[in-house]
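Subject: Handing over the structure

Hi,

Here is the structure I promised to pass on to you. Have a look around first, and then read on for my notes on what turned up.

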Amino acid sequence: MSMHTSQEQRLLNPNHIERRPRGSNLPPRARASSRQEMAPIRVLTALDHARTQYYHFKAIIIAGMGLFTDSYDLFCIAPVMKIIGRVYYPPSSPGGGKPGVTPPVVVSATVGVALLGAVVGNLVFGALGDRVGRRRVYGPCLLLLVCSSLGSGFSVCRTRRCVLSSLCFFRFLLGVGVGGDYPLSATIMSEFANKRTRGAFIAAVFSMQGFGILASSGVTMVVAAIFDRVTGHPAPLDTPEAADLAWRVILMAGAVPAGLTFYWRMAMPETARFTALVQHDVQKATNDIGRVLTDLDLNPIAEEEQASAIPRTPEPFAYAATAPHYGIFSRRFLAQHGRNLLGCALAWFLLDIPYYSSTLFQSQIYQPWFPAAGRVNVFQEAYNVARFQAIIAVASTIPGYFAAVLLIDRVGRRRLQMAGFFLMAVFLFALAGPYDHYWRGNAKNAWYIVLYALTFFSANLGPNTTTFILPAELFPARFRSTCHGISGAAGKVGALVGSVGFLWASQARDRGQVQAGYEPGIGMMYALVILGGISLLGLAVTYVLTPETMRRSLEENESEPGQAHAGELAADADGGVMRLQEINVTPKSPASMLSSHVSTSPIHPHRFSV
């Protein structure tokens, strides 16, 4: 009788909690469900500790080819504008001695619409990547890149207004594809990689931009050389009709590498972290990742757990305990992740102002090294611009990316970003200080080119790479792509400021020294000083707002500040979210045992399964 009384008291006492081995009080079906939902503990831990395999390198190529196409399309526009200027803006007087030049307003519009499209693409595809899945929008994003690259050059118009209107339209669509590729590629690579080499893998994806710049220069040089020879080496002021075809071929060639990887993008599985942590389909996540990472062994982790006297909670298990019940626009998100999002977005914004400004300063740097435009024909001028871009890419851009790949998992993201901003400021100030008194008349000095190249090296070694990596590591899986898109969009707004605003602001104050089509500005020296100051501001933002993520599991972002330890029962005050337990609650009646059992899923802990 006392035994029954004691049992009734336990059943009627709502505060009584009986501690039992995990899953021992569940019927067979519930225990099977519990074992199935324990799989993400193993698969996510196994991903963090996985050895580098063939598919990791394949994923780098697949993801990186989108960024390869991005940089090709964004950087080939400089020589293309030289050709368009000669074709559609011929000199007003045939004997004037000067070739046609594309007006600065047209150049700014062509560059600006692509960057504006990149802002839209970052936001739209970043949000879609979290809502419908990374893989499902990855292929359409690349398809948009291919179609817009072809459309940019495949205009059937021959009039100036029609050609430039269609070019700007397709450049905007191209920018949307370029912007969309940023959050998707970074998120996919971060979720496939292990935590030991994750930074190097994402940096390797981003380094494909350097090869895209080199490819755009190479293609331009080859096309220009072929057309120059076929047309019989025309005179400097003689622009043959074939030039109208040359720039179209250069633009359309950017669709080739992206098109070649379209099949492999569509064949990629969804990332295990999205499937497990967002879609809550544990079995599918395990099966998908097992198909591509064949050397992923989950058994040793399970054996280690069973052999331990006190169950040791794997890292993803400890940090994936709380079910998501708040949105990206909620106060809770701002309290927990707003600081990191502000740091990522602000650093990327501040970086792209000097980075894109320096890119457009190239025209003022290479002019003393090559013959004047009036002494070369249209193809030779485009060839010279592309050759200078190739030199800068080989001498500074690509080495900077390689250095980032080597150091990112040794030095850390935060320190590398701070060092990059600092070095950018140093080299920009070195260019700015004596510019009016020395550099302006000594542009052929080798140290001038060295200092200019070192600004690119520093940017690619540090913030240009780390601002791409950090948003893919700092946020929970359900927000990761969206937050990366927001950060990337802020960066492209900075690129707009740098490429359009500073291009005009850097013009000389003396109207007699202003380039044709521009208005007087603040001068190159003051523009460089401001850009150096912006780099120092980026250093300060990184120091204050940016945390370190080196060798940190992505699942740590799933945790909540002040989260209770396993074994404690707590309800979230906002949404009533029940945190993960290592206990079983005895049901009030035998009948209720048939209808509800506490699930021990690390992915969806509040789910009750029959």
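Let's begin with helix α4, which covers residues 54-75. That makes 22 residues, and the helix reaches 31 Å from its first C-alpha to its last, close to the 32 Å expected at 1.5 Å a residue. Do keep in mind as you read that this is a predicted model. If you follow α4 along, you'll find a bend of about 30° at G64. The helix is also mostly covered, with 18 of its 22 residues buried.

Now for the aromatic rings. How many aromatic pairs does the structure hold? The count is 15. One of them starts from α4 again: F57 and F201 pair edge-to-face, at 6.4 Å centre to centre and with 65° between the planes. F57 sits in α4 while F201 belongs to helix α9 (residues 198-230), so this pair ties together parts that are 144 residues apart in sequence. The two partners are not covered alike. F57 has a relative accessible area of 48%, which makes F57 partly exposed, whereas F201, at 7%, counts as buried.

A second pair to look at is F206 with Y401. This one is edge-to-face too, with 5.7 Å centre to centre and 85° between the planes. Distant parts of the chain are linked here: F206 is in helix α9 and Y401 in helix α19 (residues 378-411), 195 residues apart. Are F206 and Y401 buried or exposed? Both are buried. They also belong to something bigger than a pair, as Y182, F206, W348, Y401 and F468 form one aromatic cluster.

While you are on α9, take a look at F227, which is found in that helix as well. With a relative accessibility of 15%, F227 counts as buried, because the cut-off for that is under 20%. The C-alpha atoms of F227 and A242 are 7.3 Å apart, with their positions 15 residues apart along the chain.

On to the charged side chains. By the rule used here, the structure has 12 salt bridges. Let me walk you through three of them.

In one, E191 meets R134, with 2.7 Å from N to O. E191 lies in helix α8 (residues 160-192) and R134 in helix α7 (residues 134-153), so the bridge ties together parts that are 57 residues apart in sequence. Both E191 and R134 are buried. If you look at what else is joined to them, you'll see a network of salt bridges that links D130, R134, E191 and R480.

The next two each stay inside a single helix. R248 forms a salt bridge with D244, and their closest N and O atoms are 3.4 Å apart. These two are four residues apart in helix α10 (residues 243-252), which means that about one helical turn separates them. An α-helix has 3.6 residues a turn, so residues three or four places apart point the same way. R248 is buried, and D244 is buried too.

The other bridge joins K284 and D288, where the closest N and O atoms are 2.8 Å apart. Here the helix is α14 (residues 282-292), and since K284 and D288 are four residues apart in it, about one helical turn lies between them. How covered are the two ends? K284 is partly exposed, at a relative accessible area of 37%, but D288 is buried, at 9%.

Last, the surface. Which residues make the nonpolar surface patch of about 380 Å²? They are F422, V426, F429, V529 and L536. Two elements give two or more residues to this patch, namely α20 (413-432) and α24 (524-545). Of these, α20 gives the most, with three residues. F422 has its place in helix α20, and at 45% relative accessibility F422 counts as partly exposed.

If you want somewhere to start in the viewer, I'd go for the bend at G64 in α4, then the aromatic cluster around F206 and Y401, and then the network that includes R134 and E191.

Cheers

Note on methods:
Residues numbered from 1 in each chain as written. Predicted model: local features only at pLDDT ≥ 70, side-chain atom pairs only at ≥ 80, totals over all residues. Heavy atoms only, no water. Patch = residues over 30% accessible without salt bridge, like charges linked within 9 Å, V, L, I, M, F, W, Y side chains within 5 Å. Areas by Shrake-Rupley, 256 points an atom, 1.4 Å probe, with all protein chains shown as cover. Salt bridge = Lys/Arg side-chain N within 4 Å of Asp/Glu carboxyl O. Buried < 20%, exposed > 50% of the residue type's maximum accessible area, 1.4 Å probe, protein only. Expected span 1.5 Å × (residues − 1). Bend = angle between axes of the 7 residues up to and from the residue. Phe/Tyr/Trp six-rings, centres within 6.5 Å; stacked < 30°, edge-to-face > 60°.
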